[in-house]
Amino acid sequence: MKKELPKVFANDFDKKIDNIQEVYYGNNRVDNTRLSYDEIITKANNLFKSSSYVYKVDCKLKINNQIIDKTIIGRTKNGLITRDNEIIKFSDIEDIIK
């Protein structure tokens with residue numbers, strides 16, 4: 001026994017539909033705010049205190065208005081040690097972005 005479904009009534013639609021809008025937004029400005037020395041040390045300490053830290057942390061460092069991807073493996077009294085055996089001084093760092 002095969003039942004037929006009822007027919008669906010649809011009105012004729014003769015209007016032109018024009019509801020597509022293209023919106024673009026580009027922002028490549030670099031924020032020029034510089035964190036204080038104490039705030040940078042606090043952010044660096046929080047990187048190593050996080051539960052995701054095992055032996056390295058992938059983060060972005062803002063140095064001289066440029067954002068650089070680095071892998072941090074430790075810290076010294078005056079800076080951060082990268083995987084490339086480079087020491088970046090806290091005084092050179094403007095911001096740390098995880």
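Contact here means heavy atoms within 4.5 Å. This is a predicted model, in which local features need pLDDT of at least 70 and side-chain atom pairs count only at pLDDT 80 or more, while totals for chains, interfaces and linings use all residues. Residues are numbered from 1 along each chain as its sequence is written, and side-chain values use heavy atoms, with hydrogens and water left out.

Reader: Leaving aside neighbours within four places in sequence, which residues is Phe90 in contact with?
Author: Once the neighbours within four places in sequence are set aside, the partners of Phe90 include Tyr37, Ile40, Ile41 and Ala44. The rest of the list for Phe90 is Arg75, Thr76, Lys77, Asn78, Gly79 and Leu80.

Reader: Which element supplies the largest share of the largest nonpolar core?
Author: A nonpolar core is a set of buried Ala, Val, Leu, Ile, Met, Phe, Trp, Tyr and Cys residues joined through side-chain atoms within 4.5 Å, where buried means under 20% relative accessible area, exposed over 50% and partly exposed in between, with a 1.4 Å probe and protein chains only. The largest such core has 15 residues, and Phe90 and Leu80 are among those with the most contacts inside it. Helix 1 (37-49), strand 1 (57-63) and strand 5 (93-97) each supply at least two residues of this core, helices (H or I, at least four residues) and strands (E, at least two) being DSSP runs numbered from the N terminus. The largest share, five residues, comes from helix 1.

Reader: How many residues apart in sequence are the parts that Glu94 and Arg34 tie together?
Author: A salt bridge is a side-chain nitrogen of Lys or Arg within 4 Å of a carboxyl oxygen of Asp or Glu, and the side chains of Glu94 and Arg34 meet in one at 3.7 Å, N to O. Glu94 lies in strand 5 and Arg34 in the segment before helix 1, so this pair joins parts of the chain whose separation in sequence is 60 residues.

Reader: Is Asp95 buried or exposed?
Author: The side chain of Asp95 forms a salt bridge with that of Lys43 (2.9 Å, N to O). Lys43 has 33% relative accessibility and therefore counts as partly exposed. Asp95 has 18% relative accessibility, so Asp95 counts as buried.

Reader: What is the relative accessible area of Lys70?
Author: Lys70 meets Glu86 in a salt bridge between their side chains (3.0 Å, N to O). Glu86 lies in the loop between strand 3 (79-82) and strand 4 (87-89), whereas Lys70 lies in strand 2 (residues 66-75). Lys70 is buried, and its relative accessible area is 17%.
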